[in-house]
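Hi,

Here is the structure I promised to pass on. Have a look around it first, then read my notes underneath.

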Amino acid sequence: MENWWGGIGNKQSAHDRALLLPRLYFQHFTDSSYVIERDGELVAFLIGFLSQSRPDESYIHFVGVDPAARGTGVGRYLYQRFFDYSREHGRTVVRSITSPVNTGSQAFHASMGFTAAVVADYDSPGTDRVAFAKTL
Ligand SMILES: CC(C)(COP(=O)(O)OP(=O)(O)OC[C@H]1O[C@@H](n2cnc3c(N)ncnc32)[C@H](O)[C@@H]1OP(=O)(O)O)[C@@H](O)C(=O)NCCC(=O)NCCS
């Protein structure tokens, strides 16, 4: 994760970032999460889920594309696939968040048709987030 996220410039340490992907995601969210490999090497992944509490919504928790493969449509492909899965399960809204310093993620979500709003203290006091939403 350090290689894939290291240049983004937020204050998160590699250890903090790894905590965003505890094993439970690979146990309980696999139907709605994807990996792309080439020759046995990880190229990209998306971790998402159908909201348990909001029956109209699904949520993308985490997405990453190998820096060498960025800008070639891999992220779009993963998102489209998750949108299809969400529609098949009756979801009409997809949500996601990113940190305000992650301008690449914001540009990507804008290209994918998400609206964006900065929410102060989203995760804890002083931890602002950009909240994305897209109607399917
Ligand atoms: C954000 C990320 C997933 C995008 O994946 P990607 O495979 O490079 O994106 P795609 O090639 O599918 O691009 C899809 C669209 O987004 C746009 N886009 C993607 N990254 C962009 C960037 N950094 N700046 C501007 N536009 C960008 C593309 O131009 C494209 O637009 P178009 O289809 O309208 O021409 C990838 O850059 C990444 O892994 N970043 C680091 C991890 C991260 O920030 N994850 C998200 C928050 S956790």
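Below is what I found, starting with the ligand and moving on to the cores and a few single residues.

One thing before you start: this is a predicted model.

**Around the ligand**

Try clicking on the ligand and showing what surrounds it. There are 20 residues around the ligand, and Val65, Gly73, Gly75, Arg76 and Asn102 come nearest. Which kinds of residue make up this shell? Sorted by class, there are eight nonpolar, ten polar and two charged residues.

Now zoom in on the oxygen atoms of the ligand. A polar side-chain atom of Arg76 sits 2.7 Å from one ligand oxygen atom. Val65 takes part through its backbone, with an N or O atom 2.8 Å from an oxygen atom of the ligand. Gly71 also has a backbone N or O atom 2.8 Å from a ligand oxygen. On its own the ligand has 900 Å² of accessible area, and the protein covers 71% of that.

Which elements give two or more residues to the shell? They are β3 (57-65), α4 (74-88) and α5 (103-111). Of the elements, α5 gives the most, with five residues.

**The nonpolar cores**

Next, hide the ligand and look at the nonpolar side chains. The largest nonpolar core has 18 residues, and Leu46, Tyr79 and Phe114 have the most contacts inside it. β2 (41-50), β3, α4 and β6 (127-135) each supply at least two residues of this core. The largest share comes from α4, which gives six residues.

Leu46 is a good one to colour. Leaving out residues up to four places away in sequence, Leu46 touches Ser32, Ser33, Tyr34, Ile60, Phe62, Val63, Leu78, Tyr79 and Phe82. Apart from this core lies another one, of seven residues, including Tyr25, Phe45, Ile47 and Phe62.

**A few residues to visit**

Start with His109, in helix α5. Is His109 buried or exposed? It counts as buried, because its relative accessible area is 2% and the cut-off for buried is under 20%. Beyond its neighbours within four places in sequence, His109 is in contact with Tyr79, Ser96, Phe114 and Phe132.

From there, hop to Ser96, in strand β4 (residues 93-98). Ser96 is buried too, at 4% relative accessibility. What does the side chain of Ser96 reach at 3.2 Å? That would be the backbone oxygen of Ile60. Not counting residues up to four places away in sequence, Ser96 touches Tyr59, Ile60, Tyr79, His109, Val130, Ala131 and Phe132.

Ala133 is in strand β6. Its relative accessible area is 19%, so it counts as buried, given that the cut-off is under 20%. With residues up to four places away in sequence set aside, Ala133 touches Val94, Arg95, Gly113, Phe114 and Thr115. Use Ala133 to practise distances as well: Ala133 and Pro67 are 66 residues apart in sequence and 25 Å apart in space, C-alpha to C-alpha.

Last stop is Leu20, in the loop between α2 (14-18) and α3 (24-28). At 28% relative accessibility, Leu20 is partly exposed. Along the chain, Leu20 and Phe62 are 42 residues apart, and their C-alpha atoms are separated by 8.1 Å.

Have fun with it!

Terms used
Residues numbered from 1 in each chain as written. Predicted model: local features only at pLDDT ≥ 70, side-chain atom pairs only at ≥ 80, totals over all residues. Heavy atoms only, no water. Near = heavy atom within 4 Å. Polar contact = N/O pair within 3.5 Å; in protein donor to acceptor, adjacent residues only side chain to side chain. Areas by Shrake-Rupley, 256 points an atom, 1.4 Å probe, with all protein chains shown as cover. Helix = DSSP H or I, 4+ residues; strand = E, 2+ residues; numbered from the N terminus. Nonpolar A, V, L, I, M, F, W, Y, C, P; charged D, E, K, R; others polar. Buried < 20%, exposed > 50% of the residue type's maximum accessible area, 1.4 Å probe, protein only. Contact = heavy atoms within 4.5 Å. Core = buried A, V, L, I, M, F, W, Y, C linked by side-chain atoms within 4.5 Å.
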